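These are my notebook entries on a structure that I am looking at for the first time. I write down what I looked up, entry by entry.

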Amino acid sequence: MQFSKSKQPFTFLCFSLLILIIIAGCHYSKTVVNNPDFGINESTIYSNHKELTNFKSAELTGTSKITGSEDTASELELRLINYPNAPTDDSSVTRSCKGIARVLKHSLKNPNQFNNFTILFVIKEEGDIATKTTYKGHVFNASEL
C-alpha cells in the first residue's frame with residue numbers, strides 16, 4: 001500500500017505521538033546504596049546491646065528505591081550470621097528483632113533515614129559442595145519503632 005505525499009507527514013506525526021505517549025507513560029525505578037549514617041561507631045552499637053554480641057559476622061546494608069525523581073522506599077537490613085543465641089519461636093524472633101531494629105533506628109544521626117528495618121538471624125552451614133542458608137527475621141516499618 002502506498003501513501004500519497006500528503007498523508008506521509010500525518011502518518012509520521014501519529015507515529016511520533018504514539019511513541020511519545022508510550023515513553024511518557026513509562027515509570028522507571030532503581031535501587032541505590034544508602035549507607036546508614038550513625039552518630040557513633042557501628043561496633044559500639046553492637047557492643048552496647050546484649051542481643052548484638054557473640055555473632056560470627058554481621059552484614060548491614062542500606063538501600064533506597066527511587067521511582068522517578070523521588071525516594072519512595074528506603075530500608076536498613078541487618079543480617080546476624082550464625083548467632084548462637086538466636087531465638088527459635090516466632091514471638092521471640094519478633095521481640096528480639098524489634099529490639100535490635102529500635103537500637104539501630106535510634107543510633108542513626110537521622111532516625112528518619114530509613115522507612116523500613118529488616119533484621120534477620122541467618123544460619124549458614126557450609127558443606128563440601130554447597131552452603132545451606134536458612135533465616136528467621138522480621139521487617140518493621142519505622143513508625144513501629
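**Burial, to begin with.** I call a residue buried when its relative accessible area is under 20%, exposed when that area is over 50%, and partly exposed in between. With that cut-off in hand I looked up two aromatic residues, and both Phe 114 and Phe 117 turn out to be buried. For the whole protein chain, I note that buried residues make up 29% of its 145 residues.

**Confidence.** The model is a predicted one, and I therefore checked the predictor's confidence, which pLDDT gives for each residue on a scale from 0 to 100. The protein chain averages a pLDDT of 82, and 79% of the residues score at least 70. Where is confidence lowest, and where highest? I find the lowest mean, 69, in helix α1 (residues 8-25), while strand β5 (residues 131-141) has the highest, at 93.

**Elements along the chain.** I count 3 helices and 5 strands in the protein chain. Read along the sequence, they follow the pattern α-β-α-β-β-α-β-β. I also looked at contacts between residues at least 6 apart in sequence, and 64% of these join residues at least 24 apart.

**The end of the pattern, β4 and β5.** I looked up how these two strands are arranged, and I find that β4 and β5 pair in the antiparallel sense over 11 bridges. A hairpin through 4 residues joins β4 to β5. As one example of a bridge, I noted that Thr 118 has Val 139, in β5, as its partner.

**Aromatic pairs.** My entry here reads 2 aromatic pairs. In the pair formed by Phe 114 and Phe 117, the ring centres are 6.2 Å apart and the planes stand at 75°, so I enter this pair as edge-to-face. The cut-off behind that word is an angle of over 60 degrees between the planes.

**The nonpolar core.** In soluble globular proteins, nonpolar side chains tend to be buried together, and I looked for such a group next. The largest nonpolar core has 21 residues, and those with the most contacts inside it are Leu 78, Leu 104 and Phe 117. Two or more residues of this core come from each of α2, β3, α3 and β4. Which element gives the largest share? I find that α3 does, with 5 residues. Phe 117 thus appears twice in my notes, once in the edge-to-face pair with Phe 114 and once among the core residues with the most contacts.

**Salt bridges.** Side chains of opposite charge can pair when their charged atoms come close. The structure holds 2 salt bridges. In one of them the side chains of Lys 109 and Asp 37 meet at 4.0 Å, N to O. Lys 109 lies in the loop between α3 and β4 (116-126), and Asp 37 in the loop between β1 (29-33) and α2 (42-47), so this pair ties together parts that are 72 residues apart in sequence. I checked how open each partner is: Lys 109 is exposed, with a relative accessible area of 57%, whereas Asp 37 is partly exposed at 39%.

Another salt bridge is formed by the side chains of Arg 79 and Glu 77, which meet at 2.7 Å, N to O. Is Glu 77 buried or exposed? At 18% relative accessibility, Glu 77 counts as buried, while its partner Arg 79 is partly exposed, with a relative accessible area of 27%.

**Asn 82.** I looked up this residue for its backbone angle, and its phi is near 50°, a positive value in a residue other than glycine. Asn 82 lies in the loop between β3 (70-81) and α3 (90-107), and at 22% relative accessibility it counts as partly exposed.

**Val 32 and Thr 67.** Val 32 is found in strand β1 and is partly exposed, at 27% relative accessibility. Leaving aside residues up to four places away in sequence, I find that Val 32 touches Gly 62, Thr 63, Ser 64 and Ile 66. The C-alpha atoms of Val 32 and Thr 63 are separated by 5.6 Å, although these residues are 31 apart along the chain. Thr 67, in strand β2 (residues 57-67), is partly exposed at 28% relative accessibility. From Thr 67 to Ser 29 I note 4.1 Å, C-alpha to C-alpha, with their positions 38 residues apart in sequence.

Key:
Residues are numbered from 1 along each chain as its sequence is written. This is a predicted model: local features need pLDDT of at least 70, side-chain atom pairs count only at pLDDT 80 or more; totals for chains, interfaces and linings use all residues. Side-chain values use heavy atoms; hydrogens and water are left out. Buried means under 20% relative accessible area, exposed over 50%, partly exposed in between (1.4 Å probe, protein chains only). Rings of Phe, Tyr and Trp (its six-membered ring) pair if their centres lie within 6.5 Å; planes under 30 degrees apart count as stacked, over 60 as edge-to-face and the rest as tilted. Two strands pair if DSSP finds at least two bridges between them. A nonpolar core is a set of buried Ala, Val, Leu, Ile, Met, Phe, Trp, Tyr and Cys residues joined through side-chain atoms within 4.5 Å. Contact means heavy atoms within 4.5 Å.
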